[in-house]
Amino acid sequence: MFNLKKLIGIFVSCALLWPNYTCQSKNRNSNNNSVEKSVVEVKKDENITLNLEGTKNTRDLGGYKTIDGKTTKSKLFFRSDNTHKLTDVDIKKLKDEYNLKYVIDLRSAKEIDAYPDKLSNAEGVDYYSIQLSVGMKYLIKHNLDLGDGYIKLLDRKKKIKSIFDLIANVNGGSLLFHCAHGKDRTGVVAALLLGLCGVSEEDIIKDYCITYDLIKSNNKTKKDTISGYMKKMLSHISNNYKNVENYLLECGVSEENIKNIKDMFTC
């Protein structure tokens, strides 16, 4: 029988544009052994993890090499865990140092009511709630793991379209997207964004696995199982759509918006 306690954490867990974009590679390309390392061996990279008092897992998605030799821009898109504990100092830092202008909250209405987003009323920040979730009863009934849950999230194509339409049309500031722990819902969106721009599967999985260290999870799941969750979702995309771009087109994201995202996020 599937572990109920383990599954309850699946989707209760769940990053931005800056005018002086930087394209410095941080040598974050994975080698073939990178995802085989224990999650606890993944070190915090101070260049990619924002030093905030109120979050543990706010990270810059810049610095990854793409298959066509480009690099994802730093200080552009950020992924994060819940922002309900952000301090005034944190918010000022996000606005002043990272030019935060847009926030996408992927949590459910119930989660938002219980833990309101501190950025939802921040002056000069546009806040969007796009609730990305999958039915818990369905997952429990069918004994599905996290990877299966991520695939079910891909079926929320209208929600995915709304998210990527917002990303494509951001202008003059950075954008942060988050859920509860910045692992599952946020992990899916981050994987799609990196994959669209040509980041390797190995680096996408590595980016996903970093979360397990940053949130100091007591999860004892084996390292190959953890990386396997994201690999299962990426394999599903490859087998059914060939690539992330085709998947997003299937969701209804326009070719123009896809081009906009690629152009703004890589150099």
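**View 1. Lys158 on helix α6.** At 74% relative accessibility, Lys158 counts as exposed, because the cut-off for that class is over 50%. The model shown here, as in every view that follows, is a predicted one. Lys158 sits in helix α6, which spans residues 157-168. If you look for a companion from elsewhere in the sequence, try Leu132: 26 residues separate Lys158 from Leu132 along the chain, and their C-alpha atoms lie 9.9 Å apart.

**View 2. Val244 on helix α10.** Here we turn to a residue of helix α10. Val244 has 8% relative accessibility and therefore counts as buried, the limit being under 20%. Beyond its neighbours within four places in sequence, Val244 is in contact with Leu192, Gly195, Leu196 and Ile237. Cys197 is also worth finding in this view: from C-alpha to C-alpha, Val244 and Cys197 are 8.9 Å apart in space, with their positions 47 residues apart in sequence.

**View 3. The two sides of helix α11.** Helix α11 runs over residues 255-265, and its buried residues are Asn257, Ile258, Ile261, Met264 and Phe265. These lie on the same side of α11 because they cover an arc of only 140 degrees around the axis. The face turned away from that buried side carries Glu255, Glu256 and Lys259, which are exposed. What do the buried residues of α11 pack against? Their partners are strand β2 and the helices α6, α7 (185-196) and α10 (244-251).

**View 4. Phe164 and the nonpolar cores.** The largest nonpolar core holds 57 residues, and Phe164 and Met233 have the most contacts inside it. Helix α7 gives the most to this core, with eight residues. Setting aside neighbours within four places in sequence, Phe164 is in contact with Val189, Leu192, Leu193, Leu248, Val253 and Ile261. Ile261 is also one of the buried residues of α11. Another core, of 13 residues, lies apart from the largest one and includes Leu86, Ile91, Tyr98 and Leu119.

**View 5. Strand β5 and its two partners.** Strand β5 takes in residues 174-178, and five of its five residues are buried. Ser174, Leu176 and His178 point one way from β5, while Leu175 and Phe177 point the other way. Strand β2 (residues 77-80) pairs with β5 in the parallel sense over four bridges, and Phe78 has Leu176 as its bridge partner in β5. Strand β3 (residues 100-105) also pairs with β5 in the parallel sense, over five bridges. Opposite Leu175 of β5 stands Tyr102.

**View 6. From β3 over α3 to β4.** Strands β3 and β4 (residues 126-129) run parallel and are joined by four bridges. Tyr102 returns in this view, with Asp126 as its bridge partner in β4. Between β3 and β4 the chain passes through helix α3 (residues 109-114), and this β-α-β crossover is right-handed.

**View 7. The whole chain, for orientation.** To place the close-ups, picture a chain with eleven helices and five strands. Of its 267 residues, 52% are buried. The accessible surface comes to about 12500 Å², and 46% of that belongs to carbon and sulfur atoms.

How values were computed: Residues are numbered from 1 along each chain as its sequence is written. This is a predicted model: local features need pLDDT of at least 70, side-chain atom pairs count only at pLDDT 80 or more; totals for chains, interfaces and linings use all residues. Side-chain values use heavy atoms; hydrogens and water are left out. Buried means under 20% relative accessible area, exposed over 50%, partly exposed in between (1.4 Å probe, protein chains only). Two strands pair if DSSP finds at least two bridges between them. The arc is that of the directions from the helix axis to the C-beta atoms. Contact means heavy atoms within 4.5 Å. Accessible areas come from the Shrake-Rupley method with a 1.4 Å probe; for residues, only the protein chains shown count as cover. A nonpolar core is a set of buried Ala, Val, Leu, Ile, Met, Phe, Trp, Tyr and Cys residues joined through side-chain atoms within 4.5 Å. A crossover is right-handed if, with the strands pointing away from the viewer, the path from the first strand over the helix to the second runs clockwise.
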